[in-house]
Amino acid sequence: MIEPERVEAQNTTLLAGHEADLEAVAACLERRGIDAEVVIGALQAFSAAAPSWALGTGGTRFGRFPTGGEPRTLEEKLEDVAAINAVTGATRSVSLHVPWDLPRDPGAIRERAASLGLAIDAMNSNTFQDNPETTQDGKVSFKHGSFANPDPAVREAAVAHNTAVIDLGVELGSRAITIWLADGINHPGQADLRRQFERVLEGLREVYAHLPPDWELYTEHKPFEPAFYATVNADWGSSLLLAQGLGPQAKCLVDLGHHLPNANIEQIVARLAMVDRLGGFHFNDSKYGDDDLTVGSIDPYQLFLIVRELVAYGGGRMPELAYMIDQSCNVKDPLEDIAQSTVALQHAVGQALLVDGTALAVAQDEGDAAMGEAILQRAFRFDVGPLAAEARRRNGAAIDPVGALRGVGYRRARIAERGAAAVATGL
Ligand SMILES: [Mn+2]
């Protein structure tokens, strides 16, 4: 737990400089006819969930090098998310992955989260591995897929797991389930492409039928890995077909890393928004594939263009979607990594809010490509740092989140408390 007074103490030495920067930026915006207070307010309202599985160090099949002091239990994971929120003020919920997180007493977890100022975001099911809790203690296996499996007993187990995740989510106060399926094939001829899709849709229909009326179901697409020849829900088109085949409570979730290189993700966002099937977001960045790198660390302009589409969908403000940071860090302290991603998101949201939509529409109607691009870049190149910092400060968080985490010695204290060898469940 990082008490607000300790964060405030970290802010003290930065405050004078911050206030001078903020004043300069607000004056600059005023000359453009923009009220800095409106942007700061919108940034204060923004929050993205932290994933419970990214609080420990990530790894690849080649190795893993733990940070030390990783959370050993779900309760400790909640404490770490609360610590991130203490410095960002924009991490007000946590997304759980079942059965990596399997609370024995969901009511107690819900209360513990609430006492830390956290809500439970979308639930995530897991049929991409065999776990005793999901495979009837090994009676079935997801080796050849879950919903797409040729064996009806396996398909039934997949449905049962997902409905159990919904039931658990109801007890935790969640309102959505995100389903990412590993279903697919590695070899031509291994399964029928069309039949696989039909089976997945049939299975998801059973899960959909189990949804409470105020819930949503998100289908998350990904082109490859672990299936390296043909993945069932490979792209936004497949995801949209699934959502449309299920009903109005089914929407698509866009994970930024789940696209082939050079895919125009902002256009995908615009398409899904156009048909009101945009449900959730998993933010990260990538250079080659599903790299799970820090948000905005590789291509901040793409992130800005994507968030700009969201703001357009929201009619000038960020729409209320299920936002989550989905990343995995192999070398940084995972908490610092999520804090950095949150700051990057705040910057992208701030920049997107500065776009002059009216002038942009005029330029587009006049076919003025140079002006249209200039309007976007004018917003992108503006330094919204002081606005984001002020939003954090007003939310009781840190002007410099990573500096504050280090300043209060959060990791050092966790290593002392949990041990250098403590390893979190998850990726
Ligand atoms: Mn994801």
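In what order do the six strands of the open sheet with parallel pairing stand? In this predicted model, the order is E6-E7-E9-E11-E12-E13. The edges of this sheet are taken by strand E6 (123–124) and strand E13 (322–325), and because each has a single partner strand, one side of each is left without a neighbour in the sheet.

Within the six-stranded sheet, strand E7 (residues 176–180) and strand E9 (residues 216–220) run parallel and are joined by five bridges. Thr178 has Tyr218 of E9 as its bridge partner, and Ile179 stands opposite Thr219, likewise in E9. On to strand E11 (residues 250–255), E9 again runs parallel, here through four bridges, and the partner of Glu220 in E11 is Leu253. Leu253 in turn has Gly280 as its bridge partner in E12, the pairing of E11 with E12 being parallel and extending over four bridges.

The burial of these strands was examined next. E9 is mostly covered, with five of its five residues buried. In a regular strand the side chains alternate between the two faces of the sheet. In E9, Glu216, Tyr218 and Glu220 point one way, whereas Leu217 and Thr219 point the other way, and all of them are buried. Strand E12 (residues 278–283) is also mostly covered, six of its six residues being buried.

A further open sheet is formed by three strands in the order E1-E4-E5, and its pairing is parallel. Strand E1 (50–51) and strand E5 (119–120) stand at the edges of this sheet, each with a single partner strand, so one side of each is left without a neighbour in the sheet. The pairing of E1 with strand E4 (residues 93–95) is parallel and comprises two bridges, with Pro51 standing opposite Ser95 in E4.

Among the helices, H6 (residues 152–172) and H7 (residues 193–209) have axes that come within 9 Å of each other and cross at roughly 35°, and this crossing is right-handed. On the H6 side the contact involves Arg155, Ala158, Val159, Asn162 and Thr163, which meet Arg199, Gly203, Glu206 and Val207 of H7. By character, the residues of this contact divide into three nonpolar, three polar and three charged. Arg199 also belongs to the surroundings of Ala148, a residue in contact with Asp183, Gln196, Arg199, Val200 and Val232 when its neighbours within four places in sequence are left aside. Ala148 is found in the loop between E6 and H6, and it counts as buried because it has 29 C-beta neighbours inside 10 Å, where 20 or more are required. The C-alpha atom of Ala148 is separated by 43 Å from that of Phe380, which lies 232 residues apart from Ala148 along the chain.

In soluble globular proteins, nonpolar side chains tend to be buried together. The largest nonpolar core of the model has 116 residues, and those with the most contacts inside it are Leu43, Val87, Val94, Cys252, Val307 and Val349. Helix H11 (residues 334–353) provides the largest share of this core, with 10 residues. For Cys252, when residues up to four places away in sequence are not counted, the contacts include Tyr218 and Thr219, together with Trp236, Ser239, Leu240, Ala243, Leu272, Arg277, Leu278 and Gly279.

Several loops contain backbone features that merit separate description. Most residues other than glycine have a negative phi, and most peptide bonds are trans. The peptide bond from Val98 to Pro99 is cis, with omega near 10°, and Pro99 is placed in the loop between E4 and helix H5 (106–115). A cis peptide bond, with omega near 10°, also leads from Glu225 to Pro226, and Pro226 lies in the loop between E9 and strand E10 (230–231). Positive phi values occur at two aspartates: at Asp276, phi is about 55° although the residue is not a glycine, and at Asp292, likewise a residue other than glycine, phi is near 55°. Asp276 lies in the loop between helix H9 (265–274) and E12, whereas the place of Asp292 is in the loop between E12 and helix H10 (300–313). As to burial, Asp276 counts as exposed because it has 10 C-beta neighbours inside 10 Å, while Asp292, with 22 other C-beta atoms within 10 Å, is buried.

Note on methods:
Residues are numbered from 1 along each chain as its sequence is written. This is a predicted model: local features need pLDDT of at least 70, side-chain atom pairs count only at pLDDT 80 or more; totals for chains, interfaces and linings use all residues. Axes are lines fitted to C-alpha atoms, for helices over the stretch in contact, and angles run from 0 to 180 degrees between N-to-C directions. A crossing is left-handed if the near helix is turned anticlockwise from the far one by less than a right angle, and right-handed if clockwise. Two residues are in contact if their C-beta atoms, placed from the backbone, lie within 7 Å. Ala, Val, Leu, Ile, Met, Phe, Trp, Tyr, Cys and Pro count as nonpolar, Asp, Glu, Lys and Arg as charged, and the others, Gly among them, as polar. Two strands pair if DSSP finds at least two bridges between them. A residue is buried if 20 or more other C-beta atoms lie within 10 Å of its own, exposed if 12 or fewer, and partly exposed in between; C-beta atoms are placed from the backbone. A nonpolar core is a set of buried Ala, Val, Leu, Ile, Met, Phe, Trp, Tyr and Cys residues joined through C-beta atoms within 7 Å.
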